[in-house]
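The exercises below are meant to be worked with the sequence and the coordinates side by side. Please attempt each task before reading its solution.

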Amino acid sequence: MKRTIRWALLGLGLAGVVTVATVTPGSATPPSGLTNIPLARGTVASHAKFKLRVGTDVVMAQITVNPGGSSGWHSHPGGAIIIVQQGTPTIYHEVRGRCETTTYKPGQAFIERPGEVDDVLNHGTVPYVLYVTFPNVPQGGSSRTDEPDPGVCPGI
């Protein structure tokens, strides 16, 4: 008897959750006078975690580098979340004393960790265009720090 009552209550509870989940969205209010223009969208192709710090700035930028150009060796104090809109940027960075490269294509997103030193080159035939969000930038400060060549990627 107790088991039957438990199953009946469980079924009733589940029915209530399903009802709320399917009925509640209908009571949402539609926007009014709002325009939402997506600037970029990408599928994440690297791993990282960011915690936003109160009192820091968040900076957004569109970065374009022509064929044959580069970002120069640099880092970001709070890291960067990057979406490739156009072109194929190749990232050069040091990993355990060795040069590693990764090339991304349009529609991919990747992360540069805070303080990670890299150089992003355009070996392609069209400009690469990146939409970048820089979290945790010191208030009023730069989202980029120029860095010396670490010397692990000769020839770039």
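**Exercise 1.** Does leucine 39 count as buried or exposed, and at what relative accessibility?

*Solution.* The model is a predicted one, in which local features need pLDDT of at least 70 and side-chain atom pairs count only at pLDDT 80 or more, while totals for chains, interfaces and linings use all residues. Residues are numbered from 1 along each chain as its sequence is written, and side-chain values use heavy atoms, with hydrogens and water left out. Leucine 39 counts as exposed because its relative accessibility is 51%; here buried means under 20% relative accessible area, exposed over 50%, and partly exposed in between, with a 1.4 Å probe and protein chains only. As for its place, leucine 39 belongs to the loop between helix H1 (2-23) and strand S1 (43-44), where helices (H or I, at least four residues) and strands (E, at least two) are DSSP runs numbered from the N terminus.

**Exercise 2.** Describe the secondary structure of the protein and the sequence separation of its contacts.

*Solution.* Begin with the elements, which amount to one helix and 10 strands and run α-β-β-β-β-β-β-β-β-β-β from the N terminus on. Next take the contacts (heavy atoms within 4.5 Å): of those between residues at least 6 apart in sequence, 84% join residues at least 24 apart. Finally, buried residues make up 27% of the 156 residues.

**Exercise 3.** Where is asparagine 136 found, and which residues does asparagine 136 touch?

*Solution.* Asparagine 136 lies in strand S9 (residues 128-137) and counts as buried, because its relative accessibility is 3%. Leaving aside residues up to four places away in sequence, asparagine 136 touches Lys51, Leu52, Arg53, Thr56, Asp57, Pro77 and Gly78. For one of these, arginine 53, the backbone nitrogen is 2.8 Å from a polar atom of the asparagine 136 side chain.

**Exercise 4.** Locate phenylalanine 110 and work out its surroundings.

*Solution.* The first step is to place phenylalanine 110 in strand S7 (residues 108-112); with a relative accessibility of 2%, phenylalanine 110 counts as buried. The second step is to list its partners: when residues up to four places away in sequence are not counted, phenylalanine 110 touches Ser46, Ala80, Ile81, Ile82, Val84, Ile91 and Tyr104. The last step is to take isoleucine 81 from that list and to compare the two separations, since phenylalanine 110 and isoleucine 81 are 29 residues apart in sequence and 6.1 Å apart in space, C-alpha to C-alpha.

Technical notes: Polar contact = N/O pair within 3.5 Å; in protein donor to acceptor, adjacent residues only side chain to side chain.
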